[in-house]
Amino acid sequence: MSTIRSKQYYATSSLVVGYALCSSLLAVINKFAITNFNYPGLLTALQYLTSTLGVWILGKFGFLHHDPFTFENAKKFLPAAFVFYLAIFTNTNLLRHANVDTFIVFRSCTPLLVAVADTAFRKQPCPSKLTYLALVVILGGACGYVATDSGFTLTAYSWALAYLVTITTEMVYIKHMVTNLGLNTWGFVFYNNLLSLMMAPLFWIITGEYVEVFIAMGSNGKGDLFHPVAFVAVALSCVFGLLISFFGFAARKAISATAFTVTGVVNKFLTVAINVLIWDKHASPFGLGCLLLTIAGGVFYQQSVTGVTSAPPQRDSAVSKQDNGNDHDNYGDSDEEKGMSGTFSSR
């Protein structure tokens, strides 16, 4: 009996450690990738392709189960996939023009808009006083960071605001789709990435990125398209995008929602620490303090929301079928676990 418990303990610990490593490194790896491979549309398409093939192959070998592709489900899911693509598109360009700290600050601000959107559009109860206080802490930390950001540029913060709006829309709308469409977790990952991959060529044309790619392909290996460092960066980004999907969902099932939330918060601190240690693309000491305040506000927010939402024991059967015990009210890292650049999350 003790041997079985010991094996379960080590298995759970391995999943949590794997998730923590993938989550804390993903944003830094994605920044490294977009710095050395300056084609955001192509980069995200490669990530979508890796995740789609990964889920399909693992499903074929019986390691996971995902809903089969049907045109009826694809048609219903297409609007959600489009919003998802926009969120990742703005996310990529934010990391392209700003540092990882700026990304984390705006990512941590999502509860501000999600709370408003849930109340206005999903008819959820108004946030409690503790939740309002947490949102004020988040806002204060974010404002302090922006006011002292030496790397402030209009381009970077335009992408940051666009990302904040699209990721909030994606979170609220995806929750609606989760409730009504009834896809399982890996089916959700599969549809999200496959439909996003289909949309990628349209964005290449709209942004004109295809011209840059063709020029790089005709440069006889002199451009960053074929540089070994760029290849390694892109490969790491694609692999970690798929790994965080696996470890994220597996860890959610293995530990409690509270433990998973705490792990997600620790991951953000690890991301900040790693980002400070490996290169100079980070905020000033005061900016880092404001960043940590914003993350702390996010912790306070999670605790206040958990205290409110854990009261009713009954749950809608459609949601229960979808999440298989996962907590979809956790806004911390959900985009990372959709089997791709979530990440560019941290998701």
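Which residues make a nonpolar surface patch of about 730 Å²? The legends below take up this and other views of a predicted model.

**View 1. A nonpolar surface patch includes residues such as Leu49 and Phe63.** The patch is made by Leu49, Leu53, Trp56, Ile57, Leu58, Phe61 and Phe63. Its area is about 730 Å². Phe61 sits in the loop between H2 and H3. Phe61 has a relative accessible area of 64%, so this residue counts as exposed.

**View 2. The whole protein chain is built from 13 helices and 1 strand.** Along the sequence the pattern runs α-α-α-α-α-α-α-α-α-α-α-α-α-β. The chain has 347 residues, and buried residues make up 52% of them. Its accessible surface comes to about 15900 Å². Carbon and sulfur atoms account for 71% of that surface.

**View 3. Helix H2 has the span expected from its length.** H2 has 21 residues. At 1.5 Å a residue, the helix should span 30 Å. The end C-alpha atoms are 30 Å apart, so the model agrees with the expected value. Many positions are listed as buried in H2, among them Pro40, Gly41, Leu42, Leu43, Thr44 and Ala45. Further along H2, Gln47, Tyr48, Ser51, Thr52, Gly54 and Val55 are buried too. Just after the helix comes Gly62, with a positive phi of about 80°.

**View 4. Helix H5 also matches its expected span.** H5 covers residues 110–121, 12 residues in total. The expected span at 1.5 Å a residue is 16 Å. The end C-alpha atoms lie 16 Å apart, so expectation and model agree. Buried residues in H5 are Thr110, Pro111, Leu112, Val114, Ala115, Ala117 and Asp118. Lys123 follows H5 and has a positive phi, near 55°.

**View 5. Tyr48 and Tyr85 form one of 18 aromatic pairs.** The count of aromatic pairs comes to 18. In the Tyr48 and Tyr85 pair, the ring centres are 5.7 Å apart. The planes meet at 40°, and the pair is tilted. This pair links distant parts of the chain. Tyr48 belongs to helix H2 (residues 40–60), and Tyr85 to helix H3 (residues 71–97). The two residues are 37 residues apart. Tyr48 has a relative accessible area of 0%, which means that Tyr48 is buried. Tyr85 is at 1% relative accessibility, so Tyr85 counts as buried.

**View 6. Phe89 and Phe203 form a tilted aromatic pair.** The centre to centre distance is 5.5 Å. The angle between the planes is 50°. Phe89 is in helix H3, and Phe203 is in helix H8 (residues 185–207). They are 114 residues apart, and the pair links distant parts of the chain. Phe89 and Phe203 are buried.

**View 7. Ring pairs link aromatic residues into a cluster.** The members are Tyr48, Phe82, Phe84, Tyr85, Phe89, Trp159 and Phe203. Tyr48 and Tyr85, shown in View 5, are part of this cluster. Phe89 and Phe203, from View 6, belong to the cluster as well.

**View 8. The structure holds 0 disulfides.** A disulfide is a covalent bond between the sulfur atoms of two cysteines. Cys238 has a relative accessible area of 6%, so Cys238 is buried. Cys290 is in no disulfide. The nearest cysteine sulfur to Cys290 is that of Cys143, 9.5 Å away. The cut-off for a disulfide is a sulfur pair within 2.5 Å. Cys290 is at 8% relative accessibility, so Cys290 also counts as buried.

**View 9. Asn192 lies in helix H8.** Its relative accessible area is 0%, so Asn192 is buried. The C-alpha atoms of Asn192 and Leu78 are separated by 8.4 Å. Along the chain, Asn192 and Leu78 are 114 residues apart.

**View 10. Ile167 lies in helix H7.** H7 spans residues 154–181. Ile167 has a relative accessible area of 1%, so Ile167 is buried. Ile167 and Leu113 are 54 residues apart in sequence. In space they are 9.6 Å apart, C-alpha to C-alpha.

Terms used
Residues numbered from 1 in each chain as written. Predicted model: local features only at pLDDT ≥ 70, side-chain atom pairs only at ≥ 80, totals over all residues. Heavy atoms only, no water. Phe/Tyr/Trp six-rings, centres within 6.5 Å; stacked < 30°, edge-to-face > 60°. Helix = DSSP H or I, 4+ residues; strand = E, 2+ residues; numbered from the N terminus. Buried < 20%, exposed > 50% of the residue type's maximum accessible area, 1.4 Å probe, protein only. Patch = residues over 30% accessible without salt bridge, like charges linked within 9 Å, V, L, I, M, F, W, Y side chains within 5 Å. Areas by Shrake-Rupley, 256 points an atom, 1.4 Å probe, with all protein chains shown as cover. Salt bridge = Lys/Arg side-chain N within 4 Å of Asp/Glu carboxyl O. Expected span 1.5 Å × (residues − 1).
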